[in-house]
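Thanks for making the time this morning. I would like to walk through one structure with you, going from individual residues to the core and then to the charged pairs.

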Amino acid sequence: MVVVGSGGHTSEMMALLRNLSEKFTPRIYVFAESDSTSEKRIKIMEENRSKSSQHTVLRIKRSREVAQSWCSTIVTTIVACYHAVFIIWRQQPDLLLCNGPGTCIPLCGAVFLLKICFIVKTKIVFVESICRVKTLSLSGKILYLFADRVLVQWPELSVAYPKSEFIGRLV
């Protein structure tokens, strides 16, 4: 399962996925309902893969829209978390791959919750953005606490966050 954000997060994830082995199939892409461009980009990328390529596209409620008030964010986050638990419980992916869009936090939280309840065995792999050189993003700081692997693309980050793994530039 791959969480796709909008803008730069999508661009980085698409670059990462172009090099992903065909044995990671079927792929499940999850992105926010309000994200109008990711589905098009996924479709183009998947059309360029082999004919036997299998994938599913799912939409999730966004925890917080741009410029949304913090008070209303509480309600939308609860809705997003509920939706995320349902998606993870139903799909039961082996791997949840994300690179930082806020949409990934409810899904990662759902994986964590369902793992401690022995319902899923999903591994969470977080790949920090190439633009994060000295500190992790907010998503990275949250997922650093419970992701199975946190991969960083700059050696300074692996020094500052010892549980992270420096993997060099992916994109």
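S137 is buried, with a relative accessible area of 15%, and I start with this serine, whose place is in the loop between β5 and α5, the latter covering residues 138-143. Please keep in mind throughout that this is a predicted model. The side chain of S137 reaches the backbone nitrogen of G140 at a distance of 3.1 Å, and, leaving aside residues up to four places away in sequence, S137 touches F126, E128 and R132. Since buried here means under 20% relative accessible area, the 15% of S137 falls within that class.

Let me turn to a second buried residue, I42, which is found in helix α2, residues 38-47. At 0% relative accessibility I42 counts as buried, and its contacts, again not counting residues up to four places away in sequence, are V4, M14, Y29, F31, H55 and V57. For those who like a distance to check on the screen, the C-alpha atoms of I42 and T56, which are 14 residues apart along the chain, are separated by 10.0 Å.

Now to the nonpolar interior. The largest nonpolar core has 28 residues, and those with the most contacts inside it are M1, V30, I88, L96, C98, L107 and L143. The elements that each give two or more residues to this core are the strands β2 (27-32), β3 (55-60), β4 (95-98), β5 (123-127) and β6 (149-152), together with the helices α3 (70-91) and α4 (104-116). Of these, α4 gives the most, with six residues. Apart from this core lies another, of 14 residues, among them V2, M13, V125 and L151. As for C98, setting aside residues up to four places away in sequence, this cysteine touches V3, M13, C104, C108, V125, F126, V127 and L143.

Where, in contrast, is nonpolar surface found? A nonpolar surface patch of about 380 Å² is made by I74, V75, I78 and V79. I74 has its place in helix α3 and is exposed, with a relative accessible area of 55%.

Finally, the charged pairs. Side chains of opposite charge can pair when their charged atoms come close. The structure holds five salt bridges, and I will go through some of them.

In one, E46 pairs with R27, with the closest N and O atoms 2.9 Å apart; the pair links distant parts of the chain, E46 being in helix α2 and R27 in strand β2, 19 residues apart. Which side of the burial cut-off do these partners fall on? E46 is buried, with a relative accessible area of 6%, and R27, at 3% relative accessibility, counts as buried as well.

Another salt bridge joins E39 and R59, the closest N and O atoms being 2.7 Å apart, and this pair also links distant parts of the chain, with E39 in helix α2 and R59 in strand β3, 20 residues apart. Here E39 counts as partly exposed at 35% relative accessibility, and R59 is partly exposed too, with a relative accessible area of 32%.

The last one I will show is E165 with R149, where the closest N and O atoms are 2.6 Å apart. E165 lies in strand β7, residues 165-166, and R149 in strand β6, so the pair ties together parts that are 16 residues apart in sequence. E165, at 28% relative accessibility, counts as partly exposed, and R149 is partly exposed with a relative accessible area of 40%.

Technical notes: Residues numbered from 1 in each chain as written. Predicted model: local features only at pLDDT ≥ 70, side-chain atom pairs only at ≥ 80, totals over all residues. Heavy atoms only, no water. Core = buried A, V, L, I, M, F, W, Y, C linked by side-chain atoms within 4.5 Å. Buried < 20%, exposed > 50% of the residue type's maximum accessible area, 1.4 Å probe, protein only. Helix = DSSP H or I, 4+ residues; strand = E, 2+ residues; numbered from the N terminus. Contact = heavy atoms within 4.5 Å. Patch = residues over 30% accessible without salt bridge, like charges linked within 9 Å, V, L, I, M, F, W, Y side chains within 5 Å. Areas by Shrake-Rupley, 256 points an atom, 1.4 Å probe, with all protein chains shown as cover. Salt bridge = Lys/Arg side-chain N within 4 Å of Asp/Glu carboxyl O. Polar contact = N/O pair within 3.5 Å; in protein donor to acceptor, adjacent residues only side chain to side chain.
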